[in-house]
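Please walk me through this fold. Begin with the sheet, then turn to the helices and the cores.

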Amino acid sequence: MYIIVGLGNPKREYENTRHNIGFDVIDVLAEQYGISVNEAKHKGLIGKGMIEGQKVILVKPLTYMNLSGECVRSVMDFYKADPETELIVISDDISLDVGQIRIRKKGSAGGHNGLKNIILHLGMDGFQRIKMGVGEKPKDYDLADYVLGHFSKEERVIMNEGIHDAIEAIKLMLWDDTDKAMNLYNKKKSPVKEEQKAEEQKEKG
């Protein structure tokens with residue numbers, strides 16, 4: 001069994017913001033595999049189902065980003081799951097270009113308050129995570145304003161490609177092939193190529 005957690009903030013005002021890309025991945029994953037993530041438990045919304053033959057629990061913490069660890073710890077304890085082998089966390093990352101993803105088997109929080117709180121509550125950082133690139137903060141821009149801001153239409157197209165990549169990576173990770181997922185998806189995207197895709201999508205309508 002795997003616990004797949006997408007990080008974000010509850011409430012409509014935070015929908016589709018950079019900080020909520022973890023929620024977006026969970027929503028697309030849930031839709032693809034017919035899983036309803038609507039059971040309010042463990043300070044979050046959870047949904048149970050099967051993905052590629054593996055039993056999964058999809059989780060969207062409702063604690064707000066900075067307290068994500070409270071929900072994750074509660075879920076892990078309830079299902080007696082091992083964070084090292086049965087947890088995948090999806091979060092935003094401002095150090096990566098829009099749409100780029102980076103898969104890690106362990107590591108520090110890298111300044112991300114949601115990951116920081118999960119590490120605090122689990123007492124370890126050896127869990128798998130997928131970092132979703134949301135673009136670097138522009139100069140003279142407040143960090144909170146930036147991550148709580150929305151994507152442009154062009155960025156959203158590229159971001160949707162990133163979500164697709166993340167879901168393909170998750171499928172590999174569920175079958176204990178994280179190394180293959182890292183080799184395939186931990187590559188820098190070509191901005192020109194991605195911009196062309198965005199333009200083509202725009203022209204289509």
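What follows goes from the sheet to its helices, and then to the interior.

The model is predicted, so local features need pLDDT of at least 70, side-chain atom pairs count only at pLDDT 80 or more, and totals for chains, interfaces and linings use all residues. Residues are numbered from 1 along each chain as its sequence is written, and side-chain values use heavy atoms, with hydrogens and water left out.

Start with the sheet. Helices (H or I, at least four residues) and strands (E, at least two) are DSSP runs, numbered from the N terminus. Two strands pair if DSSP finds at least two bridges between them. 7 strands make up an open sheet, in the order 2-3-4-1-5-7-6, with mixed pairing. Strand 2 and strand 6 are at the edges; each has a single partner strand, so one side of each lacks a neighbour in the sheet. From one strand to the next the twist averages 25°. Axes here are lines fitted to C-alpha atoms, for helices over the stretch in contact, and angles run from 0 to 180 degrees between N-to-C directions.

Now follow the order from the strand 2 edge. Strand 2 (39-41) pairs with strand 3 in the antiparallel sense over 3 bridges. Lys41 has Gly44 of strand 3 as its bridge partner. The two strands form a hairpin with 2 residues between them, and His42 in the turn takes a positive phi of about 55°. Strand 3 (44-51) and strand 4 (54-61) are joined by 8 bridges, again antiparallel. Gly49 stands opposite Val56 in strand 4. This pair is also a hairpin with 2 residues between the strands; here Glu52 in the turn has a positive phi of about 50°.

Further along, the sense changes. Strand 1 and strand 5 are parallel, over 4 bridges, and Val5 faces Val89 in strand 5. Strand 5 and strand 7 also run parallel, joined by 6 bridges. Ile88 stands opposite Gln128 in strand 7. At the far edge, strand 6 pairs with strand 7 in the antiparallel sense over 4 bridges. Ile103 has Ile130 as its bridge partner in strand 7.

How many residues of strand 7 are buried? Buried means under 20% relative accessible area, exposed over 50%, and partly exposed in between (1.4 Å probe, protein chains only). In strand 7, 6 of 6 residues are buried. In a regular strand the side chains alternate between the two faces of the sheet. Both faces of strand 7 are covered: Gln128, Ile130 and Met132 lie on one side, with Arg129, Lys131 and Gly133 on the other.

Next, the helices. Helix 2 lies across strand 1, strand 2, strand 3, strand 4 and strand 5, at about 150° to strand 4. Its buried residues are Ser68, Gly69, Cys71, Val72, Val75 and Met76. They span an arc of only 160° around the axis, which puts them on the same side of helix 2; the arc is that of the directions from the helix axis to the C-beta atoms. Their cover includes strand 1, strand 5 and helix 4 (113-122). Just after helix 2, Lys80 has a positive phi of about 50°.

Helix 1 and helix 6 pack at about 60°, with their axes 10 Å apart. The crossing is right-handed, where right-handed means that the near helix is turned clockwise from the far one by less than a right angle, and left-handed anticlockwise. Contact means heavy atoms within 4.5 Å. Helix 1 contributes residues including Val25, Val28 and Leu29, and helix 6 residues including Met159, Ile163 and Ile167.

Finally, the interior. A nonpolar core is a set of buried Ala, Val, Leu, Ile, Met, Phe, Trp, Tyr and Cys residues joined through side-chain atoms within 4.5 Å. The largest has 33 residues, and Ile4, Leu58, Ile130 and Met132 have the most contacts inside it. Helix 6 supplies the largest share, 10 residues. Apart from this core lies another of 21 residues, among them Val5, Ile46, Val59 and Val72.

Leu58 also leads to the loop between helix 1 and strand 2, where Ser36 is found. The C-alpha atoms of Ser36 and Leu58 are 9.0 Å apart, at 22 residues along the chain. Ser36 is partly exposed, with a relative accessible area of 48%. Not counting residues up to four places away in sequence, Ser36 touches Ile46 and Gly47.
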